[in-house]
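I opened a fresh notebook page for this chain. My plan is to look things up one at a time and write down what I find.

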Amino acid sequence: MLTIQNFESHINSVILQRGRQYYSKGYLSHIEETGDNTWTAEVEGSETYTVNVTLKRNNEISGHSCDCPYDGGTCKHVVAVF
């Protein structure tokens, strides 16, 4: 089960490091709750990417997406939001 508390152990270490850097450098420019346990964020990169995250009540991540071209699973933009 992927949760906000344990996601780091499920993400490639390079992607995890890049996502942390994006977060610490302030590239997460906007985040808002757009529905019941659903969040939408904008993350600056080579372009501005939109990230969507859905949580269950127990902080389980039940879904996430990003509109960047990365096709290897969870991207650095999503990690920055997590």
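**Entry 1: the core**

Which residues of the largest nonpolar core touch the most other members? I note before answering that this is a predicted model. I looked up the core and found 19 residues in it. Phe-7 and Val-53 touch the most other members. Next I checked which elements feed this core. Helix H1 (13–24) and helix H2 (76–81) each supply at least two residues. Strand E2 (38–44) and strand E3 (48–55) each do so too.

I then listed the contacts of Phe-7, leaving aside neighbours within four places in sequence. Phe-7 is in contact with Leu-2, Leu-16, Ile-61, Val-79 and Phe-82.

**Entry 2: the sheet**

In what order do the strands of the open sheet lie? I read the order as E1-E2-E3-E4, four strands with antiparallel pairing. E1 and E4 are the edge strands, since each pairs on one side only. I also looked up the angle between neighbouring strands. On average they are turned by 15° against each other, direction ignored.

**Entry 3: from E1 to E2**

I started at strand E1, residues 28–35. Six bridges join E1 to E2, and the two run antiparallel. I picked out two of the facing pairs. Ile-31 stands opposite Ala-41 in E2. Glu-33 has Trp-39 in E2 as its bridge partner.

How many residues lie between E1 and E2 in their hairpin? I found two. Asn-37 sits in that turn and has a positive phi of about 60°.

**Entry 4: from E2 to E3**

E2 and E3 also run antiparallel, joined by seven bridges. They form a hairpin with three residues between them. I noted the pair Glu-44 and Thr-48, with Thr-48 in E3. Trp-39 and Val-53 are bridge partners as well, with Val-53 in E3. I had already met Val-53 in the core, where Val-53 and Phe-7 touch the most other members.

**Entry 5: from E3 to E4**

Strand E4 covers residues 61–66. E3 and E4 pair in the antiparallel sense over five bridges. In this pairing Leu-55 stands opposite Ile-61 in E4. Ile-61 is also one of the contacts of Phe-7.

The hairpin of E3 and E4 has five residues between the strands. Which residue in this turn has a positive phi? I found Asn-59, at about 65°.

**Entry 6: Trp-39**

I came back to Trp-39, which lies in strand E2. Is Trp-39 buried, partly exposed or exposed? Its relative accessible area is 29%, so Trp-39 is partly exposed. I listed its contacts, not counting residues up to four places away in sequence. Trp-39 touches Ile-31, Glu-32, Glu-33 and Thr-34. Val-51, Asn-52, Val-53 and Leu-55 are also on its list. I checked one distance too. The C-alpha atoms of Trp-39 and Thr-54 are separated by 6.3 Å, and the two residues are 15 apart along the chain.

**Entry 7: His-77**

I moved on to helix H2, where His-77 is found. Is His-77 buried or exposed? His-77 counts as buried because its relative accessibility is 5%, and the cut-off for buried is under 20%. I then looked up what His-77 touches, not counting residues up to four places away in sequence. The list holds Tyr-22, Val-43, Tyr-49, Val-51, Cys-66 and Cys-68. Val-51 is also among the contacts of Trp-39.

**Entry 8: the salt bridge**

How many salt bridges does the structure hold? I found one. The side chains of Glu-8 and Arg-20 meet in it, at 3.0 Å from N to O. The pair links distant parts of the chain, 12 residues apart. Glu-8 is in the segment before H1, and Arg-20 is in helix H1.

I looked up the exposure of both partners. Glu-8 is partly exposed, with a relative accessible area of 39%. Arg-20 is partly exposed too, with a value of 45%.

Notes:
Residues numbered from 1 in each chain as written. Predicted model: local features only at pLDDT ≥ 70, side-chain atom pairs only at ≥ 80, totals over all residues. Heavy atoms only, no water. Core = buried A, V, L, I, M, F, W, Y, C linked by side-chain atoms within 4.5 Å. Buried < 20%, exposed > 50% of the residue type's maximum accessible area, 1.4 Å probe, protein only. Contact = heavy atoms within 4.5 Å. Pairing = 2+ DSSP bridges. Salt bridge = Lys/Arg side-chain N within 4 Å of Asp/Glu carboxyl O. Axes fitted to C-alpha atoms, helices over the stretch in contact; angles between N-to-C directions.
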